[in-house]
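Reader: Could you walk me through this one and show how you get from the numbers to the words?

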Amino acid sequence: MPGAATFPTSRTAVLTGAASMRGIGRATADRLAAQGWSIAILDLSGDDATAAAETISRERGVQAIGVRVDVSDQASVDTAIATVEKSMPPIVGLSNLAGISSPTPFMETTVEEWDKVFATNMRGTFIVSQRVLGGMIARRLGRIVSISSISAQRGGGTYSKIAYSASKAAIIGFTRALAREVGEFHITVNAIAPGPIDTDIMGGTLTDDRKAQLADGILVGRIGTTDDVAALTTFLMGEDAGFITAATYDINGGLQVS
Ligand code: NAD
(Lines give C-alpha, C1' and ligand atoms only; values in the text may rest on other atoms or scores of the structure.)
Protein backbone atom coordinates (compact mmCIF):
# COMPACT_ATOMS: atom_id res chain seq x y z
CA MET A 1 0.00 0.00 0.00
CA PRO A 2 1.45 3.43 -0.92
CA GLY A 3 2.45 5.54 2.06
CA ALA A 4 0.79 8.68 3.34
CA ALA A 5 1.36 11.95 1.54
CA THR A 6 3.54 14.45 3.36
CA PHE A 7 1.49 16.72 5.60
CA PRO A 8 1.57 19.87 3.46
CA THR A 9 2.57 23.27 4.80
CA SER A 10 -0.10 24.83 2.65
CA ARG A 11 -3.43 23.16 3.47
CA THR A 12 -7.07 24.04 4.00
CA ALA A 13 -9.43 23.19 6.81
CA VAL A 14 -13.12 23.27 5.88
CA LEU A 15 -15.43 24.03 8.79
CA THR A 16 -19.20 23.87 8.42
CA GLY A 17 -21.37 25.87 10.82
CA ALA A 18 -18.42 28.05 11.78
CA ALA A 19 -19.82 31.53 11.14
CA SER A 20 -21.64 32.31 14.36
CA MET A 21 -19.59 34.76 16.40
CA ARG A 22 -19.86 32.89 19.73
CA GLY A 23 -19.90 29.40 18.25
CA ILE A 24 -17.52 26.44 18.54
CA GLY A 25 -16.71 26.51 14.82
CA ARG A 26 -15.61 30.13 14.84
CA ALA A 27 -13.19 29.51 17.72
CA THR A 28 -11.92 26.38 15.98
CA ALA A 29 -11.32 28.25 12.73
CA ASP A 30 -9.37 30.89 14.59
CA ARG A 31 -7.19 28.32 16.38
CA LEU A 32 -6.51 26.35 13.20
CA ALA A 33 -5.54 29.60 11.45
CA ALA A 34 -3.09 30.32 14.26
CA GLN A 35 -1.52 26.93 13.42
CA GLY A 36 -1.08 28.00 9.80
CA TRP A 37 -4.14 26.35 8.21
CA SER A 38 -5.96 28.15 5.42
CA ILE A 39 -9.61 28.35 6.41
CA ALA A 40 -12.89 27.76 4.59
CA ILE A 41 -15.96 28.69 6.62
CA LEU A 42 -19.18 27.20 5.23
CA ASP A 43 -22.41 28.31 6.85
CA LEU A 44 -26.09 28.88 6.18
CA SER A 45 -25.38 32.53 6.79
CA GLY A 46 -23.16 33.53 3.87
CA ASP A 47 -22.68 37.09 5.16
CA ASP A 48 -21.52 35.91 8.58
CA ALA A 49 -19.24 33.32 6.94
CA THR A 50 -17.62 36.00 4.78
CA ALA A 51 -17.24 38.39 7.72
CA ALA A 52 -15.68 35.65 9.90
CA ALA A 53 -13.26 34.68 7.12
CA GLU A 54 -12.23 38.32 6.60
CA THR A 55 -11.52 38.77 10.31
CA ILE A 56 -9.52 35.55 10.56
CA SER A 57 -7.52 36.36 7.46
CA ARG A 58 -6.73 39.85 8.76
CA GLU A 59 -5.88 38.80 12.32
CA ARG A 60 -3.99 35.58 11.53
CA GLY A 61 -2.46 36.41 8.17
CA VAL A 62 -3.78 33.28 6.46
CA GLN A 63 -5.91 32.71 3.39
CA ALA A 64 -9.58 32.41 4.40
CA ILE A 65 -12.85 32.19 2.52
CA GLY A 66 -16.48 32.29 3.64
CA VAL A 67 -19.09 30.50 1.54
CA ARG A 68 -22.84 30.10 1.99
CA VAL A 69 -23.99 26.51 2.21
CA ASP A 70 -26.94 24.48 3.33
CA VAL A 71 -25.22 21.26 4.44
CA SER A 72 -28.44 19.29 4.02
CA ASP A 73 -28.56 20.12 0.30
CA GLN A 74 -26.23 18.16 -1.95
CA ALA A 75 -26.19 20.72 -4.79
CA SER A 76 -25.41 23.54 -2.37
CA VAL A 77 -22.55 21.54 -0.82
CA ASP A 78 -21.18 20.61 -4.23
CA THR A 79 -21.09 24.27 -5.31
CA ALA A 80 -19.52 25.43 -2.04
CA ILE A 81 -16.77 22.79 -1.99
CA ALA A 82 -16.04 23.37 -5.70
CA THR A 83 -15.49 27.05 -4.83
CA VAL A 84 -13.07 26.08 -2.06
CA GLU A 85 -11.24 23.58 -4.27
CA LYS A 86 -10.80 26.21 -6.99
CA SER A 87 -9.45 29.00 -4.84
CA MET A 88 -7.73 27.45 -1.82
CA PRO A 89 -4.85 25.06 -1.01
CA PRO A 90 -5.74 21.32 -0.89
CA ILE A 91 -8.36 20.35 1.67
CA VAL A 92 -6.65 18.26 4.36
CA GLY A 93 -9.08 18.85 7.24
CA LEU A 94 -12.86 18.84 7.58
CA SER A 95 -14.79 19.61 10.73
CA ASN A 96 -18.52 18.94 10.57
CA LEU A 97 -19.99 21.41 13.04
CA ALA A 98 -23.21 22.63 11.40
CA GLY A 99 -25.99 21.65 13.73
CA ILE A 100 -29.32 22.64 15.19
CA SER A 101 -30.80 21.92 18.60
CA SER A 102 -34.23 20.48 19.34
CA PRO A 103 -35.67 20.90 22.84
CA THR A 104 -39.09 19.44 21.90
CA PRO A 105 -40.43 16.59 24.09
CA PHE A 106 -40.91 13.32 22.24
CA MET A 107 -44.71 13.26 22.08
CA GLU A 108 -44.73 16.76 20.58
CA THR A 109 -42.01 16.10 18.01
CA THR A 110 -43.40 16.24 14.48
CA VAL A 111 -41.99 14.23 11.59
CA GLU A 112 -41.02 17.58 9.99
CA GLU A 113 -38.92 18.59 13.00
CA TRP A 114 -37.37 15.13 13.23
CA ASP A 115 -36.39 15.24 9.55
CA LYS A 116 -35.00 18.78 9.81
CA VAL A 117 -32.76 17.89 12.77
CA PHE A 118 -31.47 14.76 11.03
CA ALA A 119 -31.06 16.60 7.71
CA THR A 120 -28.80 19.19 9.28
CA ASN A 121 -26.94 17.20 11.92
CA MET A 122 -26.54 13.82 10.21
CA ARG A 123 -27.33 14.02 6.49
CA GLY A 124 -25.24 17.20 6.30
CA THR A 125 -22.30 15.39 7.84
CA PHE A 126 -22.70 12.60 5.28
CA ILE A 127 -23.03 14.92 2.27
CA VAL A 128 -20.11 17.20 3.14
CA SER A 129 -17.81 14.32 4.13
CA GLN A 130 -18.54 12.44 0.91
CA ARG A 131 -17.96 15.55 -1.24
CA VAL A 132 -14.65 16.38 0.43
CA LEU A 133 -13.39 12.79 0.58
CA GLY A 134 -12.89 12.48 -3.20
CA GLY A 135 -9.95 14.87 -3.04
CA MET A 136 -8.63 13.44 0.23
CA ILE A 137 -8.59 9.91 -1.20
CA ALA A 138 -6.84 11.11 -4.37
CA ARG A 139 -4.21 12.89 -2.24
CA ARG A 140 -4.02 10.00 0.27
CA LEU A 141 -4.35 12.27 3.29
CA GLY A 142 -7.20 13.64 5.37
CA ARG A 143 -8.59 14.44 8.80
CA ILE A 144 -12.31 14.48 9.51
CA VAL A 145 -13.63 15.57 12.90
CA SER A 146 -17.41 15.58 13.42
CA ILE A 147 -19.22 17.03 16.38
CA SER A 148 -21.43 14.59 18.26
CA SER A 149 -22.59 15.50 21.77
CA ILE A 150 -22.76 14.25 25.33
CA SER A 151 -26.47 14.18 24.54
CA ALA A 152 -25.83 11.07 22.42
CA GLN A 153 -24.28 9.29 25.40
CA ARG A 154 -26.59 10.43 28.19
CA GLY A 155 -29.83 10.72 26.23
CA GLY A 156 -30.04 14.49 26.45
CA GLY A 157 -30.02 15.96 29.94
CA THR A 158 -28.69 19.38 28.98
CA TYR A 159 -31.09 21.15 26.59
CA SER A 160 -32.04 19.18 23.51
CA LYS A 161 -34.14 16.03 23.51
CA ILE A 162 -34.73 12.88 21.48
CA ALA A 163 -34.31 13.99 17.85
CA TYR A 164 -31.07 15.77 18.66
CA SER A 165 -29.69 12.92 20.81
CA ALA A 166 -30.50 10.37 18.12
CA SER A 167 -28.91 12.48 15.37
CA LYS A 168 -25.76 12.99 17.44
CA ALA A 169 -25.60 9.26 18.28
CA ALA A 170 -25.80 8.57 14.54
CA ILE A 171 -22.65 10.64 14.05
CA ILE A 172 -20.72 8.23 16.28
CA GLY A 173 -21.75 5.19 14.20
CA PHE A 174 -21.06 7.11 10.99
CA THR A 175 -17.59 8.02 12.23
CA ARG A 176 -16.63 4.47 13.18
CA ALA A 177 -17.90 2.93 9.95
CA LEU A 178 -16.36 5.59 7.72
CA ALA A 179 -13.02 5.27 9.51
CA ARG A 180 -12.93 1.61 8.45
CA GLU A 181 -13.43 2.48 4.76
CA VAL A 182 -10.94 5.29 4.40
CA GLY A 183 -8.16 4.33 6.78
CA GLU A 184 -6.18 2.74 3.95
CA PHE A 185 -5.94 6.19 2.37
CA HIS A 186 -4.35 7.66 5.51
CA ILE A 187 -7.55 9.49 6.32
CA THR A 188 -8.59 9.61 9.95
CA VAL A 189 -12.22 10.04 11.01
CA ASN A 190 -13.06 10.97 14.59
CA ALA A 191 -15.96 12.33 16.59
CA ILE A 192 -15.96 14.57 19.60
CA ALA A 193 -18.71 14.64 22.19
CA PRO A 194 -18.82 17.95 24.05
CA GLY A 195 -20.76 18.55 27.25
CA PRO A 196 -22.44 21.94 27.70
CA ILE A 197 -20.39 24.67 26.03
CA ASP A 198 -20.95 28.41 26.42
CA THR A 199 -22.52 29.22 23.02
CA ASP A 200 -25.97 30.40 21.92
CA ILE A 201 -27.27 27.04 20.66
CA MET A 202 -29.16 26.13 23.86
CA GLY A 203 -31.94 28.67 23.30
CA GLY A 204 -29.85 31.88 23.35
CA THR A 205 -26.93 33.35 25.27
CA LEU A 206 -26.55 31.67 28.65
CA THR A 207 -27.08 33.75 31.81
CA ASP A 208 -24.76 33.24 34.80
CA ASP A 209 -27.58 31.40 36.62
CA ARG A 210 -28.07 29.05 33.69
CA LYS A 211 -24.33 28.41 33.44
CA ALA A 212 -24.26 27.54 37.16
CA GLN A 213 -27.22 25.15 36.69
CA LEU A 214 -25.56 23.47 33.73
CA ALA A 215 -22.29 23.16 35.68
CA ASP A 216 -24.03 21.12 38.38
CA GLY A 217 -22.44 17.65 38.29
CA ILE A 218 -19.49 18.68 36.14
CA LEU A 219 -16.36 17.51 37.96
CA VAL A 220 -14.26 20.54 37.06
CA GLY A 221 -17.02 22.87 38.27
CA ARG A 222 -17.73 24.84 35.11
CA ILE A 223 -19.25 24.49 31.66
CA GLY A 224 -16.93 24.33 28.66
CA THR A 225 -15.64 27.13 26.48
CA THR A 226 -15.50 27.18 22.71
CA ASP A 227 -11.74 27.29 23.03
CA ASP A 228 -11.71 24.01 25.01
CA VAL A 229 -13.35 22.29 22.05
CA ALA A 230 -11.28 24.18 19.46
CA ALA A 231 -8.06 22.92 21.08
CA LEU A 232 -9.19 19.29 20.80
CA THR A 233 -10.26 19.58 17.18
CA THR A 234 -7.03 21.35 16.28
CA PHE A 235 -5.07 18.46 17.79
CA LEU A 236 -7.13 15.82 15.96
CA MET A 237 -6.68 17.69 12.67
CA GLY A 238 -2.93 17.95 13.11
CA GLU A 239 -0.09 15.91 11.70
CA ASP A 240 0.60 14.26 15.07
CA ALA A 241 -2.86 12.68 15.25
CA GLY A 242 -2.39 10.30 12.31
CA PHE A 243 -2.71 7.16 14.46
CA ILE A 244 -6.02 8.21 16.03
CA THR A 245 -9.13 7.16 14.12
CA ALA A 246 -12.67 5.88 14.78
CA ALA A 247 -12.48 7.45 18.23
CA THR A 248 -15.07 9.49 20.08
CA TYR A 249 -13.46 12.00 22.39
CA ASP A 250 -15.38 13.02 25.51
CA ILE A 251 -14.89 16.69 26.30
CA ASN A 252 -17.26 17.40 29.14
CA GLY A 253 -15.35 18.26 32.32
CA GLY A 254 -16.28 14.87 33.75
CA LEU A 255 -20.07 15.22 33.42
CA GLN A 256 -20.08 11.81 31.74
CA VAL A 257 -17.60 9.30 33.08
CA SER A 258 -17.31 6.34 30.76
P1 NAD B 1 -24.06 27.67 16.95
O2 NAD B 1 -25.54 27.77 16.83
O3 NAD B 1 -23.28 28.85 17.39
O4 NAD B 1 -23.46 27.14 15.58
C5 NAD B 1 -24.16 26.34 14.69
C6 NAD B 1 -23.88 26.88 13.29
O7 NAD B 1 -24.45 25.97 12.33
C8 NAD B 1 -24.51 28.26 13.02
O9 NAD B 1 -23.51 29.14 12.54
C10 NAD B 1 -25.57 27.97 11.96
O11 NAD B 1 -25.77 29.06 11.04
C12 NAD B 1 -24.98 26.75 11.27
N13 NAD B 1 -25.99 25.95 10.56
C14 NAD B 1 -27.20 25.53 11.01
N15 NAD B 1 -27.84 24.85 10.04
C16 NAD B 1 -27.00 24.82 8.97
C17 NAD B 1 -27.10 24.27 7.66
N18 NAD B 1 -28.20 23.59 7.26
N19 NAD B 1 -26.06 24.43 6.81
C20 NAD B 1 -24.96 25.13 7.19
N21 NAD B 1 -24.82 25.68 8.42
C22 NAD B 1 -25.84 25.53 9.29
O23 NAD B 1 -23.81 26.45 17.94
P24 NAD B 1 -22.50 25.75 18.54
O25 NAD B 1 -22.81 25.53 19.97
O26 NAD B 1 -21.26 26.41 18.12
O27 NAD B 1 -22.65 24.33 17.82
C28 NAD B 1 -21.71 23.78 16.92
C29 NAD B 1 -21.91 22.27 16.92
O30 NAD B 1 -21.54 21.76 18.20
C31 NAD B 1 -23.34 21.82 16.67
O32 NAD B 1 -23.34 20.68 15.83
C33 NAD B 1 -23.83 21.44 18.05
O34 NAD B 1 -24.86 20.48 18.00
C35 NAD B 1 -22.56 20.90 18.67
N36 NAD B 1 -22.55 20.85 20.14
C37 NAD B 1 -22.72 21.99 20.85
C38 NAD B 1 -22.71 21.91 22.25
C39 NAD B 1 -22.92 23.13 23.10
O40 NAD B 1 -23.15 22.99 24.30
N41 NAD B 1 -22.84 24.33 22.57
C42 NAD B 1 -22.52 20.68 22.88
C43 NAD B 1 -22.36 19.54 22.11
C44 NAD B 1 -22.36 19.64 20.72
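Author: Sure. This is a predicted model, and a good place to start is Phe-106, which is in the loop between β4 (91-96) and α4 (111-139).

Reader: What makes Phe-106, Met-107 and Ile-162 a nonpolar patch?

Author: Patch residues need over 30% relative accessible area, and nonpolar side chains are joined within 5 Å. Phe-106, Met-107 and Ile-162 form such a patch on the surface, with about 360 Å² of accessible area together.

Reader: Why do you call the pair between Ser-20 and the ligand a polar contact?

Author: A polar contact is a pair of N or O atoms within 3.5 Å. A polar side-chain atom of Ser-20 lies 2.5 Å from a ligand oxygen, so that pair counts. Asp-43 also brings a polar side-chain atom, 2.6 Å from an oxygen of the ligand. With Ile-24 the polar atom belongs to the backbone, and the distance to a ligand oxygen is 2.7 Å. The protein covers 91% of the 820 Å² of accessible area that the ligand has on its own.

Reader: Where does the ligand sit?

Author: In the largest pocket. There are 26 residues around the ligand, and Tyr-164 and Thr-199 are among those that come nearest.

Reader: Why is phi worth a remark at Arg-140?

Author: Most residues other than glycine have a negative phi. Arg-140 has a positive one, near 55°, and lies in the loop between α4 and β5 (142-147). His-186 has a positive phi too, near 65°, in the loop between α6 (162-182) and β6 (187-194).

Notes
Residues numbered from 1 in each chain as written. Predicted model: local features only at pLDDT ≥ 70, side-chain atom pairs only at ≥ 80, totals over all residues. Heavy atoms only, no water. Patch = residues over 30% accessible without salt bridge, like charges linked within 9 Å, V, L, I, M, F, W, Y side chains within 5 Å. Areas by Shrake-Rupley, 256 points an atom, 1.4 Å probe, with all protein chains shown as cover. Salt bridge = Lys/Arg side-chain N within 4 Å of Asp/Glu carboxyl O. Helix = DSSP H or I, 4+ residues; strand = E, 2+ residues; numbered from the N terminus. Near = heavy atom within 4 Å. Polar contact = N/O pair within 3.5 Å; in protein donor to acceptor, adjacent residues only side chain to side chain. 1 Å grid on protein atoms, 1.4 Å probe; cavity = no way out; pocket = protein on both sides within 12 Å on 5 of 7 lines; lining within 4 Å. Sits in = over half its atoms within 2 Å of the grid points.
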